[in-house]
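Hello,

I am passing a structure on to you, and you will find it just below. Please open it alongside this email, and then read on for what turned up.

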Amino acid sequence: MMAEGKDARVKVILECTGCVRKSVNKESRGISRYITQKNRHNTPSRLELRKFCPYCYRHTIHGEIKK
C-alpha cells in the first residue's frame, strides 16, 4: 500500500512573471507555464527559476503559482 498526502516531492507549476504583467495590457499572446517538482522539506518557500518564455522570446523569471 502506498502512502499518500505527506510526500516530500510535490508537483508545482511555474508561470512567467513577464507575461502575467503583460496580460493586463493585452500585449502578450499567452502565458508560459512549466510543470516541475520540488522537495517540500528542502524548499518550503515559493520556487523561482529563470526559464525561456516563448511568448516574451527571452529568458524570464518563472514563479511558482497555486494549483
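Here is a short tour, from the overall picture down to single residues.

Please keep in mind that this is a predicted model. The mean pLDDT of the protein is 83, with 81% of its residues at 70 or more. Confidence varies along the chain: of the elements, strand β3 (residues 48–53) has the highest mean pLDDT, 94, while helix α1 (residues 17–25) has the lowest, 69.

The sheet is a good place to start. Its four strands run in the order β2-β1-β4-β3, forming an open sheet with antiparallel pairing. Because β2 and β3 stand at the edges with a single partner strand each, one side of each has no neighbour in the sheet. From one strand to the next, the twist averages 45 degrees. As general background, strands in a sheet pair through backbone hydrogen bonds, in either a parallel or an antiparallel way. Here β3 and β4 are joined by six bridges, in the antiparallel sense. If you would like a spot to look for, find Lys 51, which stands opposite Thr 60 in β4.

Now to two residues in the strands. The first is His 62, which sits in strand β4 (residues 58–65). Is His 62 buried or exposed? His 62 has a relative accessible area of 0%, so it is buried. A polar atom of the His 62 side chain lies 3.2 Å from the backbone oxygen of Thr 60. Beyond residues up to four places away in sequence, His 62 touches a number of others, including Leu 14, Cys 16, Tyr 34, Leu 49, Phe 52 and Cys 53.

The second is Lys 38, in strand β2 (residues 33–39). Lys 38 counts as buried because its relative accessibility is 8%, and the cut-off for buried is under 20%. The side chain of Lys 38 reaches the backbone oxygen of Thr 43 at 3.2 Å. Leaving aside neighbours within four places in sequence, the contacts of Lys 38 include Ala 8, Val 10, Pro 44, Leu 47 and Glu 64.

Last comes a loop residue. Gly 30 lies in the loop between α1 and β2. Not counting residues up to four places away in sequence, Gly 30 touches Cys 19 and Tyr 55. Gly 30 and Pro 54 are 24 residues apart along the chain, and 9.2 Å separates their C-alpha atoms.

Enjoy looking around, and do write back with any questions.

Best wishes

Notes. Residues are numbered from 1 along each chain as its sequence is written. This is a predicted model: local features need pLDDT of at least 70, side-chain atom pairs count only at pLDDT 80 or more; totals for chains, interfaces and linings use all residues. Side-chain values use heavy atoms; hydrogens and water are left out. Buried means under 20% relative accessible area, exposed over 50%, partly exposed in between (1.4 Å probe, protein chains only). A polar contact is a pair of N or O atoms within 3.5 Å; within protein, one must be able to donate a hydrogen and the other to accept it, and residues adjacent in sequence count only if both atoms are side-chain atoms. Contact means heavy atoms within 4.5 Å. pLDDT is the predictor's confidence in each residue, from 0 to 100. Two strands pair if DSSP finds at least two bridges between them. Axes are lines fitted to C-alpha atoms, for helices over the stretch in contact, and angles run from 0 to 180 degrees between N-to-C directions.
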